[in-house]
Structures are given as structure tokens and as C-alpha cells.
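This briefing concerns the protein chain displayed below. Its topics are the overall make-up, the model confidence, the surface and selected residues.

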Amino acid sequence: MQILRHSEIAVTMEVYTHVPSAETRRALRKLGKALGGGSKQKKERKGERKQQERAGERSVGGGRQEP
């Protein structure tokens with residue numbers, strides 16, 4: 001509000017807040033990837049998948065479960 005020199009927060013909120021469409025979110029993700037961002041979330045998801053795979057291997061491993 002101060003940077004944009006709006007007299008009231010309501011003006012700033014009306015102009016700059018909205019719910020982005022699916023198309024907008026896709027475009028922003030693509031832009032983020034092009035700028036080198038988004039790797040943290042990708043790593044976190046990859047780590048979660050590995051944990052799920054390990055848990056599945058333990059339960060399928062011939063009835064034996066690793067500690």
C-alpha cells in the first residue's frame with residue numbers, strides 16, 4: 001500500500017488480490033522452472049516418494065520387516 005501510494009488498504013487489496021486460474025498457475029510454474037525455482041518442492045516430493053517406496057518394500061519383503 002505504501003509503495004504503491006494507495007490511500008487505503010482496500011484499494012490495494014481490490015487491485016492485487018485474486019484467485020489465480022489453473023492456467024495462470026501453470027504459467028507461473030513454468031516461469032518458476034525457467035528461472036531455476038521450484039527445486040525445493042520437487043526434492044521434497046521425491047523424498048516422500050522414496051519413503052513410501054521403502055515402506056512398501058518392507059511390507060512386501062516375504063513377511064519380514066526391517067527395523
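Helix α2 has 13 residues and reaches 18 Å from its first C-alpha to its last, close to the expected 18 Å at 1.5 Å a residue, where the expected span is 1.5 Å times one less than the number of residues. Helices here are DSSP runs of H or I with at least four residues, strands are E runs of at least two, and both are numbered from the N terminus. The model is predicted: local features need pLDDT of at least 70 and side-chain atom pairs count only at pLDDT 80 or more, while totals for chains, interfaces and linings use all residues. Residues are numbered from 1 along each chain as its sequence is written, and side-chain values use heavy atoms, with hydrogens and water left out.

**Overall make-up and confidence**

- The protein chain contains three helices and zero strands, and its elements run α-α-α from the N terminus on.
- The mean pLDDT (the predictor's confidence in each residue, from 0 to 100) of the protein chain is 76, and 73% of its residues reach 70 or more.
- Among the elements, helix α2 (residues 22-34) has the highest mean pLDDT, at 90, and helix α3 (residues 39-60) the lowest, at 69.

**Surface**

- About 6,700 Å² of the protein chain is exposed, and carbon and sulfur atoms supply 53% of that area; accessible areas come from the Shrake-Rupley method with a 1.4 Å probe, and for residues only the protein chains shown count as cover.
- Of the 67 residues of the protein chain, 1% count as buried; buried means under 20% relative accessible area, exposed over 50%, and partly exposed in between (1.4 Å probe, protein chains only).
- I3, L4, V11, V15 and Y16 make a nonpolar surface patch of about 520 Å², and of these Y16 is found in helix α1 (residues 9-16).
- Patches are made of residues with over 30% relative accessible area and no salt bridge (a side-chain nitrogen of Lys or Arg within 4 Å of a carboxyl oxygen of Asp or Glu), joining like charges within 9 Å and nonpolar side chains (Val, Leu, Ile, Met, Phe, Trp, Tyr) within 5 Å.

**The segment before α1 and helix α1**

- T12 is found in helix α1 and is buried, with a relative accessible area of 9%.
- The side chain of T12 makes a polar contact with the side chain of H6 at 2.6 Å; such a contact is a pair of N or O atoms within 3.5 Å, and within protein one must be able to donate a hydrogen and the other to accept it, with residues adjacent in sequence counting only if both atoms are side-chain atoms.
- M1 lies in the segment before α1 and is partly exposed, at 37% relative accessible area.
- The C-alpha atoms of M1 and T12 are separated by 5.8 Å, although these residues are eleven apart along the chain.

**Loop and backbone features**

- T17 lies in the loop between α1 and α2; T17 is partly exposed, at 44% relative accessible area, and its side chain reaches the backbone oxygen of M13 at 2.3 Å.
- R5, in the segment before α1, has a positive phi of about 60 degrees although it is not a glycine, and R5 is exposed, at 74% relative accessible area.
- Most residues other than glycine have a negative phi.
- G36, just after α2, takes a positive phi of about 90 degrees.
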